[in-house]
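Got the viewer open? Let's take a walk through this one, one selection at a time.

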Amino acid sequence: MKNQLILKNGTSASLDKMPVLESDAFRQHLTNLLQKGSRLSALFAVPTEQQAIVYAAVADDETAEIELFASKCGRKNISLTPHIPQAHWFEREMAEIHGIEMVGHPWLKPIRFQPRKGQTVEIIPGATEYFEVKGEEVHEVGVGPVHAGIIEPGHFRFQCHGEKVFHLEIELGYQHRGIERAIPGMPHEKAIRLMEAVAGDTSIGHATAYAMNIEALSGLKASQNAKIIRSVALELERMANHTGDLGALAGDVGFLPTSAYCGRIRGDILNTTGLICGNRFGRGLVKAGGCGYEIDSDLKKQILDKLLLIEADLHSAIDLIWDTPSVVSRFEETGTVSREDALAIGMVGPAGRACGLMVDTRISHPFGAFDKFAPAIPLIELGKLGDVNARATIRWLEIQESLRLIREMLAALNSEPAGYNHEQVKPVANSVAISLTEGWRGEICHVAMTDEQGQLKAYKIVDPSFHNWFGLALSLRDQEISDFPLCNKSFNLSYCGHDL
Amino acid sequence: MLQILKARFHQKYRTFPFPEKMPPMAARYTGRPEIASGNCKSGCNACVAACPVGALSLGENKRPIIDMGSCLFCRACETACPEKLINFTQDFSLAANKKEGLLINAATFKRAEAMGNELRRLFGRSLKLRQVSAGGCNACEADTNVLATPNFDLARYGIQFVASPRHADGLLITGPVSQNMKLALLKTYEALPSPSIVIATGACAISGGLFKGNSEVNDGVGNLIPVDLYIPGCPPNPWTILEGILRFMGRL
Ligand code: SF4
């Protein structure tokens with residue numbers, strides 16, 4: 001291909017540089033790139049007056065490059081999914097939002113039950129056709145949207161034979177709040193707060209992606225200190241969520257010591273973020289152009305002291321898991337996803353890494369302070385990869401790696417200010433920017449496009465959960481239905497991050 | 001087994017003796033705003049212009065009014081005010097019985113009152129709640145969930161989150177109530193035995209928060225069912241949630 005638009009993470013280019021291919025060439029090019037091992041980070045449509053334009057963002061983890069290209073799209077499109085399973089959810093999304101028929105898609109149905117522009121028929125969430133397994137004594141179990149605990153809503157349909165699950169289908173959309181639609185024209189100070197609420201447990205991950213895009217579009221560079229503070233906050237976010245989930249995993253197999261301790265330690269980690277910005281979830285910490293808060297030497301010491309206590313508590317609480325054979329035997333060989341399946345559906349983050357995929361945008365597409373402070377991806381030799389035990393092990397190793405990174409990053413802070421200047425936020429017109437961050441669930445991808453006035457005209461958000469929900473469904477195949485909570489917690493995917 | 005005992009010894013007793021003692025908040029924690037007496041600069045609109053979510057308005061005397069029901073506690077108004085009339089305190093007691101009670105225009109604030117005597121007699125010393133996330137971002141949910149951990153140990157106050165609305169005295173709702181959760185929320189509400197109570201937790205559940213005005217949401221719980229207690233914040237600190245519920249139970 002002659003004209004190519006290749007961007008590094010967190011950079012921008014004029015929209016004029018975007019190659020617009022014929023639909024056959026678009027499909028061919030995308031297929032070629034993915035066959036060479038690149039990943040589909042985003043695939044989405046932006047409506048124009050007559051039709052829609054489909055954009056693909058393909059990440060090459062070897063070269064740290066992201067290739068963007070587009071195609072004009074009619075009401076009917078030939079589906080990529082039969083050859084590129086990674087595209088399946090994206091195509092369902094496009095069909096639902098823009099009414100584009102995806103010819104040949106094996107399972108084209110809504111993912112969010114979101115009304116199309118101009119659509120007046122009332123939509124009943126969850127009311128759709130479900131995959132049905134037929135046969136003697138095969139039965140169906142429906143769960144949700146409202147679940148038994150304090151947890152977000154979603155609908156799960158199990159096809160079972162006795163206790164054994166043949167198939168699980170997941171329907172979401174209950175949390176849809178219209179985020180992408182609301183962004184164009186919104187003041188940046190409000191939009192970044194909205195990003196923090198895309199998925200509240202990933203406030204830093206999404207806010208950082210947004211800030212990177214706005215900085216790229218405005219020609220701004222966050223200072224090294226600002227990058228460090230944001231990256232420290234991102235690692236604290238990772239630690240807090242992994243800790244909470246390890247506790248919940250222990251709870252799901254009835255091992256209460258770890259579950260009780262981890263619940264509290266998670267709070268201590270959130271409170272460490274609270275030391276930096278006053279808010280346990282890091283609200284207001286990330287700003288376009290820098291940070292809302294500084295870390296001085298006093299605060300640095302407070303954080304380090306707190307981390308020392310947290311580290312000791314974590315070891316005491318979490319080592320118990322692998323000291324207790326009855327817990328490990330419940331984790332082992334439960335909810336296995338094969339490496340081939342994970343690769344085919346494009347799984348990301350620790351769930352992908354637990355299947356042996358080397359995916360971590362901190363390493364492959366460094367952002368923030370991770371260019372200087374790269375994590376070592378924990379390689380696990382657990383024999384059988386891809387089960388609950390692998391996902392739990394990866395998360396524990398990542399917590400320890402985050403601790404190391406936070407300490408190294410804090411040590412590199414200097415006296416330069418980390419603040420931001422709102423006045424400098426002036427995105428250039430007719431441009432596109434892309435940013436990838438590694439949230440605790442995996443790759444977060446944001447794509448921003450501006451109009452002639454430099455206002456955002458389209459904004460695409462891909463939460464890691466978007467890639468991984470189908471992985472959870474696969475992990476339930478041939479499992480006991482009672483394994484569901486355990487499998488679910490080992491992924492702990494975001495409902496609202498998916499539903500937007 | 002020895003390892004388990006060792007861990008138990010290491011982890012110690014961590015339950016915080018609230019309300020006998022006040023929990024320490026982080027130095028940068030942002031609690032209830034106060035608006036000092038005194039006149040604003042004539043024609044000044046700085047606080048209103050600085051607020052990213054329209055939580056601020058000017059009252060009849062052109063002094064600021066902060067609606068804690070929408071406020072993100074971001075302090076942009078505090079920084080913007082040239083007369084330094086707006087100050088955020090460390091007071092985490094923010095709950096109110098009425099939406100109007102969340103409007104702050106002075107240094108004072110009328111804290112939430114206990115539910116009526118008849119309800120208190122019925123519920124006794126316990127309160128069973130069913131939580132419904134209706135478009136919540138999982139921050140309010142997380143800071144509610146954390147109340148069950150040993151640090152807060154919710155059960156010692158007689159409060160419990162239960163699995164079925166039929167076992168509950170009321171609902172604690174988070175999120176702006178997405179259109180797609182409206183039906184499920186109403187059904188859950190109808191399944192409560194009466195009398196029942198409703199607690200709206202977080203800016204979204206109170207006013208729609210950051211999603212206010214989106215056609216995909218209902219701008220909060222109050223537009224669909226009556227609310228008895230509002231707990232503001234984005235998200236509220238867990239102590240704010242606990243303190244609000246205890247006040248409502250008449251325990252503070
Ligand atoms: S603290 Fe509240 S009222 Fe003040 S600017 Fe922020 S959101 Fe608006």
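Start with helices H6 and H8 of chain A, which cross in a left-handed way. Bear in mind throughout that this is a predicted model. To find the pair, select residues 224–252 for H6(A) and residues 297–323 for H8(A). The two axes come within 11 Å and cross at roughly 35 degrees. Now show side chains: H6(A) brings A:Leu236, A:Met239, A:Thr243 and A:Leu246 to the contact, while H8(A) answers with A:Leu307, A:Ile310, A:Leu314, A:Ile318, A:Ile321 and A:Trp322. Colour that contact by class and you get nine nonpolar residues, one polar and no charged.

Keep H8(A) on screen and add H7(A), residues 256–277. What angle do H7(A) and H8(A) pack at? About 165 degrees, with the axes 10 Å apart. Angles over 145 degrees count as roughly antiparallel, so that is what H7(A) is to H8(A). The crossing of H7(A) with H8(A) is left-handed.

There's a long list of side chains to switch on here. From H7(A), pick among others A:Tyr261, A:Arg264, A:Ile265, A:Asp268 and A:Thr272; from H8(A), the residues they meet as a group include A:Gln302, A:Lys306, A:Ile310, A:Asp313 and A:Leu314. By class, this contact has 15 nonpolar, four polar and four charged residues. Notice that A:Ile310 and A:Leu314 also turned up in the contact with H6(A).

Next, move along chain A to residues 464–475 (H14) and 484–491 (H15). Their axes come within 10 Å and cross at roughly 150 degrees, so H14(A) is roughly antiparallel to H15(A). The crossing is right-handed this time. For the side chains, select A:Asn468, A:Gly471, A:Leu472 and A:Ser475 in H14(A), then A:Phe484, A:Cys487, A:Asn488 and A:Phe491 in H15(A). The class count is four nonpolar, four polar and no charged.

Zoom out and bring in chain B. How many residues does each chain put into the contact? Chain A gives 56 and chain B gives 51. About 4300 Å² is buried between the two chains, with carbon and sulfur atoms giving 57% of that area. Which residues of chain A lose the most area to chain B? Select A:Ile150, A:Arg177 and A:Arg264: together they make up 17% of what that side buries. You've already met A:Arg264, in the contact of H7(A) with H8(A).

Over to the ligand. There are 14 residues around it, and the ones to label are B:Cys51, B:Cys71, B:Cys74, B:Arg75 and B:Cys77, which come nearest. Colour the shell by class and you'll count 13 nonpolar residues, no polar and one charged.

Last stop: some backbone oddities in chain B. Most residues other than glycine have a negative phi, and most peptide bonds are trans. Select B:Lys84, in the loop between helix H3 (76–80) and strand S4 (86–88) of chain B. B:Lys84 isn't a glycine, yet its phi is positive, about 55 degrees.

Then go to B:Pro195, in the loop between helix H6 (179–190) and strand S9 (197–201) of chain B. The peptide bond joining B:Ser194 and B:Pro195 is cis, with omega about 0 degrees. Finish at B:Pro235, in the loop between strand S10 (229–231) and helix H8 (238–248) of chain B. The bond from B:Cys234 to B:Pro235 is cis too, with omega near -15 degrees.

Methods: Residues are numbered from 1 along each chain as its sequence is written. Chains are lettered from A and ligands numbered from 1 in the order in which they are written. This is a predicted model: local features need pLDDT of at least 70, side-chain atom pairs count only at pLDDT 80 or more; totals for chains, interfaces and linings use all residues. Side-chain values use heavy atoms; hydrogens and water are left out. A residue is near a molecule or strand if one of its heavy atoms lies within 4 Å of it. Ala, Val, Leu, Ile, Met, Phe, Trp, Tyr, Cys and Pro count as nonpolar, Asp, Glu, Lys and Arg as charged, and the others, Gly among them, as polar. Axes are lines fitted to C-alpha atoms, for helices over the stretch in contact, and angles run from 0 to 180 degrees between N-to-C directions. Helices (H or I, at least four residues) and strands (E, at least two) are DSSP runs, numbered from the N terminus. Angles under 35 degrees count as roughly parallel, over 145 as roughly antiparallel, 65 to 115 as roughly perpendicular and the rest as oblique. A crossing is left-handed if the near helix is turned anticlockwise from the far one by less than a right angle, and right-handed if clockwise. Contact means heavy atoms within 4.5 Å. Buried area is the accessible area (1.4 Å probe) that two parts lose on being put together, summed over both.
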